[in-house]
Amino acid sequence: MIRTEKARRRAVYVAQILGVAGAYYLAGHLGLMRQVVVDGAVVTPLWPPTGIALAALLCLGTRVWPGIALGTLVTVSEIGDAFTVSRLAIMFGNTVAPLVAYALLRKVGFRRELARLRDGICLVFLGAFAGMLISATIGSITLLLDDKVPPGRFWLVWSSWWAGDAMGVLVVTPVLLVLRGVRWPRASDRWLEASVLAVVVVAASLIATRSSLSMIYLVFPVIIWAALRFQLPGSAPCALVVSVLAILAGTDALGPFAGHSLMEIMANLSLLNGSVALTALLLGAVVSEHKNIRRETEYAVEELEALVEQLAPMSGPAAARYEDRARRHGPLDGGPHPDHR
């Protein structure tokens, strides 16, 4: 029996490792479909595997780190030989970065439900901005030492690498956390609104990212609508849709991205994706936090009402009898006599 239980746990663990590795590879393959070559370095405006890696650690723990390493190793083989020193260094950086981000989030008491504003802020600044410094730095230095990036373009490659990894955390991780553990709103009477929202976010994103009138700002009212009405379960998928459609338009130089250089397009995509992700994440967290506070306040009021109802028998005749007895024999609680002046 004990051996059977151990075998089952071992099988589950192996399945988790392979699942994380497979998801990492598939997400990396999708990211490489819109890759950009910057002075010999392959970067993407959005690198989804970083979001998958951090979400896997938050949901399954550090025990699944071999899946991240395996997924990275297979993914970099899409670009070149996976067993050179430079490729192994990149694999190391891409594995350590989400582990450090996870450790930082655990240090500050991060909750994966993202129902507090502080959780959203921690995911932004510790999980995305700080944690992804490691992968960008190790990867850029590796390419510099490998003579694939000239010294004068190091910071350009580094910033592009860091932005892509950070956007992967900001855009993909919240969606996976929503699917894994966030409690969805009871929407029995709001499916029509949710359906309309889905249609509107796609239409607004297509217009904003492909129209020559440069109407990028059109997506923000939709994101705000999603966050106010559906919190993170609504705003996170909307941010993902906006980011994907923006990347498709940007890499094809369509709409507001037409006529710009590659570096200008990368900068605009990073700013747009970052702004959309921050709006969706932080506003959704604020609304959820306020709703939780209101729910706790209503619960406290209900408890207070129940307590008052329990004390209600002391009113009326019972209170009169208590006061008469207190005058004759003194108060029952040992306090001062009612007639004492």
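Me: Where do F125 and F129 lie, and how many residues apart are they?
Reply: In this predicted model, both residues belong to helix α5, which covers residues 117-130. They are four residues apart, about one turn of the helix.

Me: How many aromatic pairs does the structure hold, and what makes F125 and F129 one of them?
Reply: There are five aromatic pairs in the structure. The ring centres of F125 and F129 are 5.6 Å apart, and pairing requires centres within 6.5 Å, so the two rings qualify. Their planes make an angle of 90°; an angle over 60 degrees counts as edge-to-face, and the pair is therefore given that name.

Me: Why is the pair of W158 and W162 called stacked?
Reply: The planes of the two rings stand at 0° and the centres are 6.2 Å apart. The first value falls under 30 degrees and the second within 6.5 Å, so both conditions for a stacked pair are satisfied. W158 and W162 lie in helix α7 (residues 154-180), four residues apart, which corresponds to about one helical turn.

Me: Is W158 buried or exposed, and what is the class of W162?
Reply: W158 has a relative accessibility of 18%. The limit for a buried residue is under 20%, so W158 counts as buried. W162 has a relative accessible area of 22%, which lies between 20% and 50%, so W162 is partly exposed. F129 also has a relative accessible area of 22% and is therefore partly exposed.

Me: Which residues do ring pairs link into a cluster?
Reply: The cluster consists of F125, F129, F154, W155, W158 and W162.

Me: How do you know that the span of α5 is close to the expected one?
Reply: Helix α5 has 14 residues and reaches 18 Å from its first C-alpha to its last. The expected value at 1.5 Å a residue is 20 Å, and 18 Å is close to it. The helix also bends, by about 30° at L123.

Me: Which residues of α5 are buried, and what do they pack against?
Reply: The buried residues are D119, G120, C122, L123, V124, G127 and A128. They pack against α2, α4 (85-107), α6 (132-145), α7 and α10 (262-311).

Me: What makes D119 and R116 a salt bridge?
Reply: The N to O distance between their side chains is 2.8 Å. The cut-off is 4 Å, so the pair qualifies. Both D119 and R116 are buried.

Me: How do you know that D146 and K148 form a salt bridge?
Reply: Their closest N and O atoms are 3.8 Å apart, which is within the 4 Å limit, so this pair also counts. D146 is partly exposed, at a relative accessible area of 34%, and K148 is partly exposed at 33% relative accessibility. Elsewhere, salt bridges that share partners join E5, R8 and R9 into one network.

Me: What is the N to O distance in the salt bridge of E5 and R8, and how many residues apart are these two?
Reply: The side chains of E5 and R8 meet at 2.8 Å, N to O. The two residues are three apart in helix α1 (residues 2-32), separated by about one helical turn. E5 is partly exposed at 29% relative accessibility, and R8 is partly exposed at 47%. The count of salt bridges in the structure comes to five.

Me: Why is L60 called partly exposed, and which residues is L60 in contact with beyond its neighbours within four places in sequence?
Reply: L60 has a relative accessible area of 32%. That value is not under 20% and not over 50%, so L60 is classed as partly exposed. L60 is found in helix α2 (residues 48-60). Leaving aside neighbours within four places in sequence, L60 is in contact with Q16 and V20. Q16 and L60 are 44 residues apart in sequence, while their C-alpha atoms are 8.4 Å apart in space.

Me: Where is confidence lowest and where is it highest in the chain?
Reply: Helix α11 (residues 317-329) has the lowest confidence, at a mean of 56, and α2 has the highest, at 95. Over residues 332-341 the pLDDT is below 50, and this stretch has 11 contacts in the model beyond near neighbours in sequence. Where pLDDT is low, the predicted coordinates should not be read in detail.

How values were computed
Residues numbered from 1 in each chain as written. Predicted model: local features only at pLDDT ≥ 70, side-chain atom pairs only at ≥ 80, totals over all residues. Heavy atoms only, no water. Phe/Tyr/Trp six-rings, centres within 6.5 Å; stacked < 30°, edge-to-face > 60°. Buried < 20%, exposed > 50% of the residue type's maximum accessible area, 1.4 Å probe, protein only. Contact = heavy atoms within 4.5 Å. Expected span 1.5 Å × (residues − 1). Bend = angle between axes of the 7 residues up to and from the residue. pLDDT = per-residue confidence, 0-100.
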